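Subject: Structure handover

Hello,

Here is the structure for your files. Please have it open while you read the notes below.

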Amino acid sequence: MKFHGGIPGWFNFADFYDWVVQNAPDKARFVEVGALFGASSVYLQSRIVASKKDIKLDIVDTFDDKNLSMESSNLAMPFGGFRKTFDFFTRGRLGDNVRVCQMPSREHAGACKPGSLHFVFLDGSHAKLDVLQDISSYLNAMAPGGILGGHDVDIPDVAQAVQEAFGTRFVRFGVSCWYVQL
Ligand SMILES: C[S@@+](CC[C@H](N)C(=O)[O-])C[C@H]1O[C@@H](n2cnc3c(N)ncnc32)[C@H](O)[C@@H]1O
């Protein structure tokens, strides 16, 4: 785990978020699945603000203390748990365009309007069946030309899920991201 912008996490894909925001339409809807303590979310929001585009961002995480690794648990304990740690690190750094959706990704995806999402980033569960489930849950909600991608394509489970869903159609980006343009 490393610190980015003073927040602990696994964020090493700033170049991907830079590229996505730069290429997004002026009015767009983004979803980030898997925030942990907010390192990637705060960075994405900073790029959205800098772009001056009208981009709405849903941050989706269960914030379930049972899912935390030992390292994360030790970090979250003094703050009183997962969600309180996220709130501490993100305080004042997420704007009115952002909704924090504390729920499983499948539930969030089911509530999204078909064709409404311009960017969905999957960094939740990295188990193969969960990644496949996330991909199929959000596909219907993607806007034409939208970007569906994720983190940790070097993890075999993630790579297998992405290959199973998209064959050779997906693109690798930077050290660890994948995406398809729909
Ligand atoms: C690898 S961490 C995210 C790291 C974060 N993006 C960062 O930059 O530090 C994965 C997160 O996904 C969340 N998560 C796992 N499965 C989920 C699901 N089905 N729905 C919503 N959140 C989920 C976990 O609670 C955890 O916070």
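The notes cover the sheet, the core and the ligand site.

This is a predicted model: local features need pLDDT of at least 70, side-chain atom pairs count only at pLDDT 80 or more, and totals for chains, interfaces and linings use all residues. Residues are numbered from 1 along each chain as its sequence is written.

Sheet. Seven strands make an open sheet of mixed pairing, in the order β5-β4-β3-β6-β7-β9-β8. Strands (E, at least two residues) and helices (H or I, at least four) are DSSP runs, numbered from the N terminus; two strands pair if DSSP finds at least two bridges between them. At the edges are β5 (98-102) and β8 (171-173), each of which pairs on one side only. β8 runs antiparallel to β9 (residues 177-181), joined by three bridges, and Val171 stands opposite Tyr179 in β9.

Core. The largest nonpolar core (buried Ala, Val, Leu, Ile, Met, Phe, Trp, Tyr and Cys residues joined through C-beta atoms within 7 Å; buried means 20 or more other C-beta atoms within 10 Å of the residue's own, with C-beta atoms placed from the backbone) has 51 residues, of which Phe119, Val120 and Tyr138 touch the most other members. Leaving aside neighbours within four places in sequence, Val120 is in contact (C-beta atoms, placed from the backbone, within 7 Å) with Val31, Tyr138, Met142 and Leu148.

Ligand. The ligand is surrounded by 19 residues (C-beta atom, placed from the backbone, within 6 Å), and the closest are Gly9, Phe11, Gly34, Ser40 and Gly124. α2 (39-51) and β4 (54-61) each supply at least two residues of this shell.

Regards

Definitions and conventions:
Buried ≥ 20, exposed ≤ 12 C-beta atoms within 10 Å, placed from the backbone. Contact = placed C-beta atoms within 7 Å.
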